[in-house]
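The exercises below are worked from the sequence and the coordinates. Try each task before reading its solution.

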Amino acid sequence: MTMTIQSTPGSSGYLDLYPERKMSYFKNPYILGLTAVAGIGGLLFGYDTGVISGALLYIKDDFVEVRNSSFLQETIVSMALVGAILGAAAGGWVNDAYGRKKATLIADVIFALGSFVMAASPGPYILIFGRLLVGIGVGIASVTAPVYIAEASPSEIRGALVSTNVLMITGGQFLSYLINLAFTEVPGTWRWMLGVAGVPAVVQFFLMLFLPESPRWLFIKNRNNEAIVVLTKIYDYARLEDEVEFLTAQYEQESQKRNDIKYWDVFKSKEIRLAFLVGAGLQAFQQFTGINTVMYYSPTIVQMAGFHSNQLALLLSLIVAGMNAAGTILGIYLIDHAGRKKLALSSLAGVIASLIILAVSFINQSSGSTNDLYGWLAIVGLAMYIAFFSPGMGPVPWTMNSEIYPEEYRGICGGMSATVCWVSNLIVSQTFLSIADAVGTGQTFLILASIAVLAFLFVAVYVPETKGLTFDEVELIWKERAWGKNPDTQALVGHGNDS
């Protein structure tokens, strides 16, 4: 049987024809369990980005050289990002060569080791080394978890399931603030805050031993029988038969194209370049609109707003992190209903307004106003920012990067896009306090608002809607954008790419 794009299992045409085969988010406990375990990688990601903001307040109390050096403070924060860049850059290759499961196990070992080094560090430089190790683990996990979840997900709920990984990220950030608050009166405060991060890594390591490899990766490696065993746990028999038939035919047809993909190959193919532009652009704008500035430095921003108690700063930051997690839950629903593009655009519109409010509050406060209203206005701006960012620009970049690349490029392009994310994250976190010192905090938020306007235009012009599309339907979008809708041209392009 020859399948068209419209009759591909999971496509809208297929599900219209067989509505009883459509999956819902809570229909299959197995895929939810797989998503939850894989999402512990997201939890590690979120915990690490959140915990350092509170720990830094107490690290400065223990180490005089850290207290007296803004550069050293920024390095402690950003060294994890350097590690994440290295981890993400290597993570795409590790995923393609050894599989999503082994990549996750490797990330867990490195992360747990880094957590121990941080907790036991006698000085700031050993602490920085521990941050580097933790970052490498986070970088590998940031590539692996979304791809692993996406490749095991039915297309009609893929967005919601990959967004669950983002919920784990925001949940990890919330957990980090909760633990920060809990350990404020415990001796060795920051050591506990950083060391406890190793616990979920160990838990995920042992749980992953009982989970399978990605079925699509198994098909790539011609381990079809193992892949079918995994698919039987995801689909009922009627749809399983169609899925297996389609995947078998697809990988037999494309096996000739999968000679070792290199990084440079991404830029040789016009349609892959277009896909990578969108994926990397979304990741860059996610960072340059300021999200991790808010998460890393929210206690510091709260103190800059006029609230000088460490405990109060952490409590208010906990509320912000809770809103971030709650907003992501809303995003899980909206991403497969409203769609990726509309969600990102509405999110960015709110982000722009929120950043302007933050800018106004800090500019007025820096002008010498003694009105406490501006301090509270800054808190309102932070809360608004999270409320708009978390359902949209939080999950959309990660979801789209897990679904917009063809199978043979998914690992390597996912790794490259995640590297762009971490490089952007590093630039923002390493420069935010310095820029704020140089031009003022309010003006810094205006810069972020201007970048958010550019992000809005980028999404409006370049980002396609992929809601409910199969991987093959998404691939067709890039071919049409690159070469037009002429089927003869597409056939020639396909032949040219094969040769």
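**Exercise 1. Classify Asn-222 as buried or exposed, then place it in the chain and describe its backbone.**

Step 1. The relative accessibility of Asn-222 is 64%, so the residue counts as exposed, since the cut-off for exposed is over 50%.

Step 2. Asn-222 sits in the loop between α11 (215-220) and α12 (224-232).

Step 3. Its phi is positive, about 60°, although Asn-222 is not a glycine. Most residues other than glycine have a negative phi.

The model is predicted, and local features need pLDDT of at least 70.

**Exercise 2. State how many helices and strands the protein chain has, and what share of its residues is buried.**

Step 1. The secondary structure comes to 24 helices and zero strands.

Step 2. Of the 499 residues of the protein chain, 60% count as buried.

Step 3. For contacts between residues at least 6 apart in sequence, 82% join residues at least 24 apart.

**Exercise 3. Compare the end-to-end reach of helices α19, α22 and α23 with the span expected at 1.5 Å a residue.**

Step 1. Helix α19 (residues 373-389) has 17 residues and reaches 24 Å from its first C-alpha to its last, close to the expected 24 Å.

Step 2. Helix α22 (residues 441-462) has 22 residues, which should span 32 Å; the end C-alpha atoms of α22 are 31 Å apart, which agrees.

Step 3. Helix α23 (residues 471-483) has 13 residues, which should span 18 Å; the end C-alpha atoms of α23 are 19 Å apart, in agreement.

Step 4. Now list buried positions. In α19 they include Gly-375, Ala-378, Ile-379 and Phe-389. In α22, Thr-441, Phe-445, Leu-448 and Val-459 are among them. In α23 the buried residues include Asp-472, Glu-473 and Glu-475, along with Phe-471 and Trp-478.

Step 5. Check what comes after α23: Gly-484 follows, with a positive phi near 85°.

**Exercise 4. Describe how helices α3 and α8 cross, and which kinds of residue make the contact.**

Step 1. The axes of α3 (residues 40-62) and α8 (residues 158-182) come within 6 Å and cross at roughly 35°.

Step 2. The crossing is right-handed.

Step 3. On the α3 side the contact residues include Gly-42, Phe-45, Gly-46, Thr-49 and Gly-50. On the α8 side they include Met-168, Gly-171, Gly-172, Gln-173 and Ser-176.

Step 4. The residues of this contact divide into eleven nonpolar, twelve polar and no charged. Gly is counted among the polar residues here.

**Exercise 5. Classify the ring pair of Phe-45 and Trp-398, and say which parts of the chain the pair links.**

Step 1. A search of the whole structure finds 13 aromatic pairs. A pair of aromatic rings is described by the distance of the centres and the angle of the planes.

Step 2. For Phe-45 and Trp-398 the ring centres are 5.8 Å apart and the planes stand at 80°, so the pair is edge-to-face. The cut-off for that class is over 60 degrees.

Step 3. Phe-45 belongs to helix α3 and Trp-398 to helix α20 (residues 395-401), so far along the chain that 353 residues separate them.

Step 4. Both Phe-45 and Trp-398 are buried.

Step 5. Ring pairs link Phe-45, Trp-398 and Trp-422 into a cluster.

**Exercise 6. For Thr-293, Gly-322 and Ala-197, give the location and the degree of burial.**

Step 1. Thr-293 lies in helix α16 (residues 291-304). At 1% relative accessibility, Thr-293 counts as buried. Its C-alpha atom is separated by 8.5 Å from that of Asn-425, 132 residues apart along the chain.

Step 2. Gly-322 is found in helix α17 (residues 310-334). Its relative accessible area is 22%, so Gly-322 is partly exposed. The C-alpha atoms of Gly-322 and Leu-178 are separated by 9.6 Å, with the two residues 144 apart along the chain.

Step 3. Ala-197 is in the loop between α9 (189-195) and α10 (198-208). With a relative accessible area of 5%, Ala-197 is buried.

Step 4. Not counting residues up to four places away in sequence, Ala-197 touches Leu-44, Tyr-47, Phe-111 and Ser-115. The C-alpha atoms of Ala-197 and Met-118, 79 residues apart along the chain, are separated by 10.0 Å.

Technical notes. Residues are numbered from 1 along each chain as its sequence is written. This is a predicted model: local features need pLDDT of at least 70, side-chain atom pairs count only at pLDDT 80 or more; totals for chains, interfaces and linings use all residues. Side-chain values use heavy atoms; hydrogens and water are left out. Helices (H or I, at least four residues) and strands (E, at least two) are DSSP runs, numbered from the N terminus. The expected span of a helix is 1.5 Å times one less than its number of residues. Buried means under 20% relative accessible area, exposed over 50%, partly exposed in between (1.4 Å probe, protein chains only). Axes are lines fitted to C-alpha atoms, for helices over the stretch in contact, and angles run from 0 to 180 degrees between N-to-C directions. A crossing is left-handed if the near helix is turned anticlockwise from the far one by less than a right angle, and right-handed if clockwise. Contact means heavy atoms within 4.5 Å. Rings of Phe, Tyr and Trp (its six-membered ring) pair if their centres lie within 6.5 Å; planes under 30 degrees apart count as stacked, over 60 as edge-to-face and the rest as tilted.
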